[in-house]
Amino acid sequence: MASQSANSEGAELGRFLRARRTQTSPEHVGLTVGAGIRRTPGLRREELATLAGISIDYYVRLERGKETRPSPAVLDSLARALRMDDQEHQHLRELAARAARYTPEPPPPVPSRTVRPHLKLLLESLRPNPAYVISRSMDMLAWNPGGLALYAGLDDWPVAQRNLARYLFLHPAARQLFTDWDRQITACVARLRAIAGTAPDAPDLTNLVGELLLKSPDFAGLWERYEVTGRKPAHKTFQHPQVGTVTLTSQSLHVEGTPGQRIGVYTAEPGTPDHDALLLLDMTAPATTQNTAHQPS
């Protein structure tokens, strides 16, 4: 059983390395490409091994999940060779740490979906700023009127289906709502990829990912890229069917004492047209959203 677990975790480490290798161009790392057609996308295995200062055989074993105990020095060399940023480098370390364990750890408990009463009061106090509480898999657990109404059409779905990743990829209104939809979905998948890489068997993640892989070619393509760095913009522009075009500042806060939950808040400077739009959105939210911070069963 321990051997099977190590192989599984080693395979995840190998998948990440392969994805980063095939998406790193030789020019990006300072290599000169000769004439002729390259059949390998990105770097070849031998090129990466040379850049990292390790043998090609050892690297092949890493990528195939056969080698599960790379040293910190090897990981750092691979990260430098692939020009990983800090977030990607940390993800590589976490995958290697999981692969190196001889015995599997018990799966962590599924994060709580219970939203504490004082958080519901907090969401209410933030009006007219749209605000909500979401889980690590991006389920909406609680919201104030604007927090739900901002995502146009999301309230059409049953409470149990209200998930921001599902909305981005499967709701017909999402592409029209976001002026930078491509950027939004890339950041969304990167966040889910980073979490799923270190919690690969968590049912709240596997169920969502499995659904989106089946239903959305856009999601499947981004998932295959295995990017874990989400470039989340500080400002988001919405083309909202009720209040028009509005640009808001976004902020995400981790909930203390409840791992996996985050509070999302959108704000605009008082006295601006964007803030006026938030006031209108808050006042005209459908009656079913007027009782703030409902919690799904």
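For sorting a cavity lining, Ala, Val, Leu, Ile, Met, Phe, Trp, Tyr, Cys and Pro count as nonpolar, Asp, Glu, Lys and Arg as charged, and the others, Gly among them, as polar. The legends below all refer to a predicted model.

**View 1. A cavity lined in part by helix H10.** By the rule used here, the model holds one cavity of 30 Å³ or more. The largest cavity comes out at about 30 Å³. Look for Thr186, Val189, Ala190, Leu222 and Glu227, which line the largest cavity. Sorted by type, that lining has three nonpolar residues, one polar and one charged. H10 is the biggest giver here, putting three residues into the lining of the largest cavity.

**View 2. The whole chain, for orientation.** Before zooming in again, here's the overall count: 13 helices and five strands in the protein chain. Of the 297 residues in the protein chain, 49% are buried. Take the contacts between residues at least 6 apart in sequence: 61% of them join residues at least 24 apart.

**View 3. The largest nonpolar core and its 46 residues.** Tyr151, Tyr167, Phe169 and Leu192 have the most contacts inside this core. Helix H10, residues 181-198, gives the most to this core, with seven residues. Apart from the largest core lies another one, of 25 residues, and Ala49, Ala52, Ile54 and Ala79 are among them.

**View 4. Who sits around leucine 192?** Leave aside the neighbours within four places in sequence, and leucine 192 is in contact with Arg136, Ser137, Met138, Ala165, Leu205, Leu208, Phe219 and Trp223. One of these partners, Met138, gets a view of its own further down. Leucine 192 is also one of the residues with the most contacts inside the largest nonpolar core.

**View 5. The hairpin of S3 and S4.** Strand S3 covers residues 235-240, and strand S4 covers residues 244-254. The two run antiparallel and are joined by six bridges. Three residues lie between S3 and S4 in this hairpin. If you want to trace the pairing by eye, find glutamine 239, which stands opposite threonine 245 in S4. Another pair to look for is threonine 237 with its bridge partner in S4, threonine 247.

**View 6. The two faces of strand S3.** Which residues of S3 are on the covered face, and which on the uncovered one? Lys236, Phe238 and His240 make up the covered face, while His235, Thr237 and Gln239 make up the uncovered one. The general background is simple: in a regular strand the side chains alternate between the two faces of the sheet.

**View 7. S4 and its other partner, S5.** Strand S5 takes in residues 262-267 and runs antiparallel to S4. Six bridges join S4 to S5. One pair to pick out is threonine 249 and threonine 267, its bridge partner in S5.

**View 8. Aspartate 274 in helix H13.** Helix H13 spans residues 273-284. Is aspartate 274 buried, exposed or partly exposed? Aspartate 274 counts as partly exposed because its relative accessible area is 22%, and buried would need a value under 20%. Not counting residues up to four places away in sequence, aspartate 274 touches Thr245, Val246, Thr247 and Ala268. Leucine 248 is 26 residues away from aspartate 274 in sequence, yet their C-alpha atoms are 7.2 Å apart in space.

**View 9. A cis bond at proline 128.** The peptide bond from arginine 127 to proline 128 is cis, and omega is near 10°. You'll find proline 128 in the loop between helix H6 (117-125) and strand S1 (131-134).

**View 10. Methionine 138, with a positive phi.** Methionine 138 isn't a glycine, but its phi is positive, about 75°. The residue sits in the loop between S1 and strand S2 (140-143). Methionine 138 counts as buried because its relative accessibility is 8%, with the cut-off for buried being under 20%. Methionine 138 is also one of the contacts of leucine 192 from View 4.

**View 11. Tyrosine 226, another positive phi.** Here phi is near 55°, again in a residue other than glycine. Tyrosine 226 belongs to the loop between helix H12 (217-225) and S3. Where does tyrosine 226 fall, buried or exposed? Tyrosine 226 is buried, since its relative accessible area is 1%.

Methods
Residues are numbered from 1 along each chain as its sequence is written. This is a predicted model: local features need pLDDT of at least 70, side-chain atom pairs count only at pLDDT 80 or more; totals for chains, interfaces and linings use all residues. Side-chain values use heavy atoms; hydrogens and water are left out. A nonpolar core is a set of buried Ala, Val, Leu, Ile, Met, Phe, Trp, Tyr and Cys residues joined through side-chain atoms within 4.5 Å. Buried means under 20% relative accessible area, exposed over 50%, partly exposed in between (1.4 Å probe, protein chains only). Helices (H or I, at least four residues) and strands (E, at least two) are DSSP runs, numbered from the N terminus. Contact means heavy atoms within 4.5 Å. On a 1 Å grid over the protein atoms alone, a cavity is a set of points where a 1.4 Å probe fits but cannot get out, and a pocket is an open set with protein on both sides within 12 Å along at least five of seven lines; lining residues have an atom within 4 Å of a point. Grid points are joined across faces, edges and corners, and a volume is the space filled by probe spheres set on the points. Two strands pair if DSSP finds at least two bridges between them.
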